[in-house]
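Reader: I should like to learn how to read the architecture of a protein model, from the whole chain down to one residue. Could you take me through an example?

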Amino acid sequence: MTRCKDILSIIERDRETYLDLARRIWERPELSFEEHYAAAEQVKLLESWGFSVTFPYLGLKTAFRAEWGEGDIVFALASEYDALPGIGHGCGHNLICTAALASANALRQLMTKERIPGKLVVLGTPAEEGGSGKVLLERQGALDDIHACMMVHPKSSPTYTTDPGCTANQRATIDFYGKASHAGGMPEQGINALDAMNLVYAAVGCWRQQLPEDARIHGVITAGGDRPNIIPDHTQAKFYLRCVRNTYLETMKVRFKNIVDGACLMTDCTSKIDFADTATAARKPNGSMNKMYMKALKDLGIECTVPAKPGGGSTDFGNFSIVRPGIHPYFGICDNEYAGHSVEMTAAANSERGHQACLNAAAAMGAIALEYYTNPDFRAEVDADFHR
Ligand SMILES: [Zn+2]
Ligand SMILES: [Zn+2]
């Protein structure tokens, strides 16, 4: 047995505080690096519970670090709180920060009462959606004194699952430059930057047929010209190159660059490729922590399944999980299966079912942290898994 039930009952005592936070952040969705309200509201609560908070943190205005407790063992809970353009909290990050705070406050209460030593850290990590806040924090040493870390993520499905891993993600922006000219009057004078983009999009579509199953590439055209009668002299697109194997991303980058160069040759355009320097790594889920997540949920009567293969999405938690033992498991927040990043998921992130699942997952996360503080055998297993 884990202490999951005890932790859940401590969480339930302040249920309204946590759900109020979840609702308020849901109602005020903020995009990556603009999460001023969500970060400040979490900081207020953490300070009221006696956590010592650094905010802003490591040069990121909407990042924070909250610490409580004393002891040699340091466990961190990662909080996320950014939303998506157009669909608000369609990734349910309002529930991620709520789970982190509920878990942290319950751990603080239980560890105080039972005099359990250990340092607890809540890391407020902004801009998961496309900004790689965790990459920037990790690079600056945010995890240096931390032994293990975790977070929980909602899933637009009825099921809870362990962390199956995910793809690494290299973001790329491409620009084509041509020459403007009247498309009807003097087409022969123009160099068409939209033609180059069109050829890239078509070539990527062909390339996709030969990609291995664990690789993905997809993009959107963010600038495609202004008027039909002006040959576009500039176009821009953003692509994500993904693969479960970190190493294969390098191969993909070479091919992608060849495609862009090919489009230049075919159209006389020039180009610029910007591969973001904050690529996210494929997650390395810790097997022992995954097992403990299943065990903790079982103590609440919840079945947690093991996905057959890694997820096709990506997250900056990947970069945490390759430097410290960690997991990013899931909790189901709706009655049916829906797509992630959908309006259905946005609605579920503010539903009663979503709220309860969030608190259940918070309790499971607390149970894992507590096991880590108190059980040297578990710590040894976690470390052995990490180094395997
Ligand atoms: Zn997302
Ligand atoms: Zn997410």
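Author: The following dialogue goes from the overall form to the domains, the sheets and one residue. Please keep in mind that this is a predicted model.

Reader: How many helices and strands does the secondary structure of the chain contain?

Author: The chain has 12 helices and 14 strands. The next step is to relate its extent to its length. The radius of gyration is 23 Å, close to the 21 Å that the globule rule gives for 388 residues, so the chain is as compact as a globular protein of that length. Along the principal axes, the C-alpha atoms fill a box of roughly 80 × 40 × 40 Å.

Reader: What share of the residues count as buried, and what share of the contacts joins residues 24 or more positions apart?

Author: Of the 388 residues, 50% count as buried. As to the contacts with a separation of 6 or more, 79% are between residues 24 or more positions apart.

Reader: Which domains does the domain assignment give?

Author: Domain 1 consists of two segments, 4–166 and 283–387, while domain 2 covers 168–275. Their C-alpha centres lie 37 Å apart. To read the interface, one asks which residues touch across it: 5 residues of domain 1 are in contact with 5 residues of domain 2. On the domain 1 side, these residues divide into 1 nonpolar, 4 polar and no charged.

Reader: Let us turn to the sheets. In what order do the strands of the 6-stranded open sheet lie?

Author: The order is 1-2-4-3-5-13, and the pairing is mixed. At the edges are strand 1 (52–54) and strand 13 (326–327), each of which pairs on one side only. Strand 1 is joined to strand 2 (residues 64–68) by 3 bridges in the antiparallel sense, and threonine 54 stands opposite arginine 65 in strand 2. Helix 4 packs on this sheet, where it touches strand 2, strand 3 and strand 4 (119–124), and its direction makes about 150° with that of strand 3.

Reader: How is the open sheet of 4 strands ordered, and which strands form its edges?

Author: Its order is 9-10-8-11, with antiparallel pairing. The edge strands are strand 9 (215–223) and strand 11 (270–275). On average, neighbouring strands of this sheet are turned by 20° against each other, direction ignored. Strand 8 (residues 168–177) and strand 10 (residues 234–243) run antiparallel and are joined by 10 bridges; alanine 168 stands opposite cysteine 243 in strand 10. Helix 7 (residues 248–267) packs on the sheet and touches strand 8, strand 9, strand 10 and strand 11. The direction of helix 7 makes about 155° with that of strand 10.

Reader: Finally, a single residue. Where does alanine 83 lie, and is alanine 83 buried or exposed?

Author: Alanine 83 is in the loop between strand 3 (74–79) and helix 4 (93–113). Burial is read by counting neighbours, and a residue with 20 or more other C-beta atoms within 10 Å of its own is buried. Alanine 83 has 26 C-beta neighbours inside 10 Å, and therefore counts as buried.

Reader: Which residues does alanine 83 touch, not counting residues up to four places away in sequence?

Author: With that exclusion, alanine 83 touches Pro29, Glu30, Leu31, Gly88, His89 and His93. Separation in sequence and distance in space should be read side by side: alanine 83 and glutamate 35 are 48 residues apart in sequence, with 8.5 Å between their C-alpha atoms.

Note on methods. Residues numbered from 1 in each chain as written. Chains lettered and ligands numbered in written order. Predicted model: local features only at pLDDT ≥ 70, side-chain atom pairs only at ≥ 80, totals over all residues. Domains from an automatic or database assignment. Contact = placed C-beta atoms within 7 Å. Nonpolar A, V, L, I, M, F, W, Y, C, P; charged D, E, K, R; others polar. Helix = DSSP H or I, 4+ residues; strand = E, 2+ residues; numbered from the N terminus. Buried ≥ 20, exposed ≤ 12 C-beta atoms within 10 Å, placed from the backbone. Pairing = 2+ DSSP bridges. Axes fitted to C-alpha atoms, helices over the stretch in contact; angles between N-to-C directions. Rg over C-alpha atoms; globule rule 2.2 N^0.38 Å.
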